[in-house]
Amino acid sequence: MGYPHPSHPKETVVLSQYFGDAGARSFDGWVERGGYEALKKALGQTPDQVIEEVKASGLRGRGGAGFPTGLKWSFMPKNSGKPHYLCCNADESEPGTFKDREIIRWTPHQMIEGCAIACHAIGAERCYIYIRGEFTDVLAILQVAVDEAYAKGALGANVFGSGQRIDMVIHRGAGAYICGEETALMNSIEGKRGNPRIKPPFPAAVGLFGMPTTVNNVETLASVVPIMNRGAAWYRALCLGNPKSTGTKLFSVCGQVMRPGNYELTMGFPMKDLIYDLAGGMRPGRTLKAVIPGGSSVPIMTAEEAETALCDYESIAEKGSMLGSAGFIVIDDSADLVYEIYRLAKFYAHESCAQCTNCREGTAWTAKILERILKGEGKPADLNLLMDLGENMTGKTICVLSDSCAASVMSGIQKFRGDFEKYLAGARSPALVA
Amino acid sequence: MSGTDQAVFTGKARERLEALFPKYPTKPACLLPALWIIQEERGWISPQAMAEIGELLGLTPAYVKGVVTFYTMYHQHPVGRHFIQVCSTSPCHLGGAADTVRALLTHTGCGELGATSPDGRFTVVEVECLGACGFATPILIDDDFIESVTPDRVPGLLERYQ
């Protein structure tokens, strides 16, 4: 990862090559490192050629959903006569995920270049970068980089003399996890509360300001740069597991490991090696208990499931969870899993936009019931009640925030029922004061 | 802090607001950045300021309040001179955030979350995931993003904010 410690030999360093190298932050520094060649190459091609290249690379959305990027771009209408928009989603707020912040703070031009290529591909003259309000240091770095890109002709009315106009506006969020959901993000740019919209219509048809829009994650857009530089075939060949998962990806590892950090891996890398080798394994005397691999919004994996999985979309799905945005929360045997699940439920209850009843009530009651269990006041029927609540929070709302809350609670009860029962039986002293 | 009855969008703040207009195809879309301007100018967003920006962007005060209350970073009340946000979501909790929260509450004199210290110097709030989970525990003091804050670092860090 290059920061704060050197890259591990087992990493495949592409996006993170210049992490820790402050010289890569400036426009000139980025150009010295081969920057903006990919954009120039893309501008020399038709939008369809760029889309085909990205399709052929197998790149899938790195924000969590894993939707094929080239295919998403191809949904944008041709010659619509309307303005098209690109939204770069830098609202990174998923507990466990901290990769986009590193991309922007070390290589802001990598992201800007990727955004500009995407704008060319989808016929957008304007890109909004939606950055979460708390990323103050990153925002300052990004603002300098965007200003420099304008000054050097990489953005503006005539990008590198191509005659193409690409404008970039940084839009600062103000503290709302839900704005990472693409339709909530668009509402937030429009000056509204960040409530997700019902789909369809999808953003490619009716998006930002009612116009055709594509929303991509920071890492997805940054990945387009090496794909344009080195070709789709090279990217597609980066694959250790299922051929549907290609390229490299930043894996954020946090929680109870010796070396938390971002590790860039070829898709299909063994999860066991990521946890025990790259991230340094458990603290002395501790053993692995559970892993939440996708950021907090996915089902919890047991140690056995994690140790036998590969780091790609398909393998983690086979083990009953999801790769998501690849924020690995590692939990050892000293942790109180019931408390950690409660803390996540409290997160979702706080972040629910409150638009849908099942989410507004479901997340709040899930947190309250878990709180009562942790106070030693749980009732025998509480686990069934939580499972029932979870069922009613899954697949029943406009977006997947309530599904995300239910995922950790339901998988936690299914896989670690004994932990909950200890509280219910009074065999464990309360973690919260009654 | 300036009085709340005076208009915010005069002089430089007005120039900053007008510089936003070409960046968005509609005026209401300027609301979030305009609210940031108000908060930078006044430290918080008063009902009068909500009404003022509503008028400038063609929005009702109720609509503006609806937006302000949706986003947690906009202050609807005055806060201490230095505003501290500390992450305590699960990944940071696993990394010892609870001890960092306690140290902050003790050394600032705030005593409890959401409270302002008696000298008006600090307000401490818990915040949901700051997106720096590998650097537990991250905190924000005003606009300074500080990683890996352990309880022993707290007194030294606070000294810089008088």
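Helices here are DSSP runs of H or I with at least four residues, strands are runs of E with at least two, and both are numbered from the N terminus. Everything below comes from a predicted model.

**Ala326(A) takes a positive phi in a loop of chain A.** The loop in question runs between helix H13 (313–318) and strand S11 (327–332) of chain A. Phi of Ala326(A) is near 60°, and that is a positive value in a residue that isn't glycine. With a relative accessible area of 0%, Ala326(A) is buried, because buried means under 20%.

**Asp142(B) has a positive phi too.** Its phi is near 50°, again in a residue other than glycine. Look for Asp142(B) in the loop between S3 and strand S4 (144–146) of chain B. At 27% relative accessible area, Asp142(B) is partly exposed.

**Two proline residues of chain A share a cis peptide bond.** The bond goes from Pro200(A) to Pro201(A), with omega near 5°. Pro201(A) belongs to the loop between helix H8 (182–189) and strand S4 (213–217) of chain A.

**Chain B has a cis bond at Ala136(B) and Thr137(B).** Omega is about 0° for this peptide bond. Thr137(B) lies in the loop between S2 and strand S3 (139–141) of chain B.

**Ser297(A) and Tyr348(A) meet through their side chains.** The polar contact joining them spans 2.7 Å. Ser297(A) is in the loop between strand S8 (288–292) and strand S9 (301–302) of chain A. At 13% relative accessibility, Ser297(A) counts as buried.

**Phe70(B) and Tyr71(B) make an edge-to-face pair.** The structure has 19 aromatic pairs over all chains. In this one, the ring centres are 5.0 Å apart and the planes meet at 70°, so the pair counts as edge-to-face, a label for angles over 60 degrees. Both partners are tucked away: Phe70(B) is buried at 13% relative accessibility, and Tyr71(B) is buried at 1%.

**An aromatic cluster brings in residues of chains A and B.** Its members are Tyr85(A), Tyr128(A), Phe209(A) and Tyr24(B).

**Charged side chains sit over aromatic rings.** In chain A, the charged end of Arg101(A) is over the ring of Phe135(A), 6.0 Å from the ring's centre. In chain B, Lys27(B) lies over the face of Phe21(B), at 4.7 Å from the ring centre.

**The largest cavity holds about 90 Å³ of space.** Its lining takes in 14 residues, and Cys353(A), Gln355(A), Cys356(A), Cys359(A) and Cys399(A) are the closest to the centre. Helix H15 (357–374) and helix H17 (401–415) of chain A are the elements that give two or more residues to this lining. By type, the lining of the largest cavity has nine nonpolar residues, four polar and one charged. The structure has four cavities of 30 Å³ or more.

**The second largest pocket offers about 870 Å³ of space.** Of its 42 lining residues, Gln39(B), Met73(B), His75(B), Phe83(B) and Gln85(B) lie nearest the centre. From chain B, helix H2 (31–42), helix H4 (61–70), strand S1 (82–87) and strand S2 (122–127) each supply at least two lining residues, as does helix H14 (337–351) of chain A. H14(A) gives the most to this lining, with five residues. The lining of the second largest pocket is a mix of 16 nonpolar, 14 polar and twelve charged residues.

Technical notes. Residues are numbered from 1 along each chain as its sequence is written. Chains are lettered from A and ligands numbered from 1 in the order in which they are written. This is a predicted model: local features need pLDDT of at least 70, side-chain atom pairs count only at pLDDT 80 or more; totals for chains, interfaces and linings use all residues. Side-chain values use heavy atoms; hydrogens and water are left out. Rings of Phe, Tyr and Trp (its six-membered ring) pair if their centres lie within 6.5 Å; planes under 30 degrees apart count as stacked, over 60 as edge-to-face and the rest as tilted. Buried means under 20% relative accessible area, exposed over 50%, partly exposed in between (1.4 Å probe, protein chains only). A charge sits over a ring if NZ of Lys or CZ of Arg is within 6 Å of the ring centre and within 35 degrees of the ring normal. On a 1 Å grid over the protein atoms alone, a cavity is a set of points where a 1.4 Å probe fits but cannot get out, and a pocket is an open set with protein on both sides within 12 Å along at least five of seven lines; lining residues have an atom within 4 Å of a point. Grid points are joined across faces, edges and corners, and a volume is the space filled by probe spheres set on the points. Ala, Val, Leu, Ile, Met, Phe, Trp, Tyr, Cys and Pro count as nonpolar, Asp, Glu, Lys and Arg as charged, and the others, Gly among them, as polar. A polar contact is a pair of N or O atoms within 3.5 Å; within protein, one must be able to donate a hydrogen and the other to accept it, and residues adjacent in sequence count only if both atoms are side-chain atoms.
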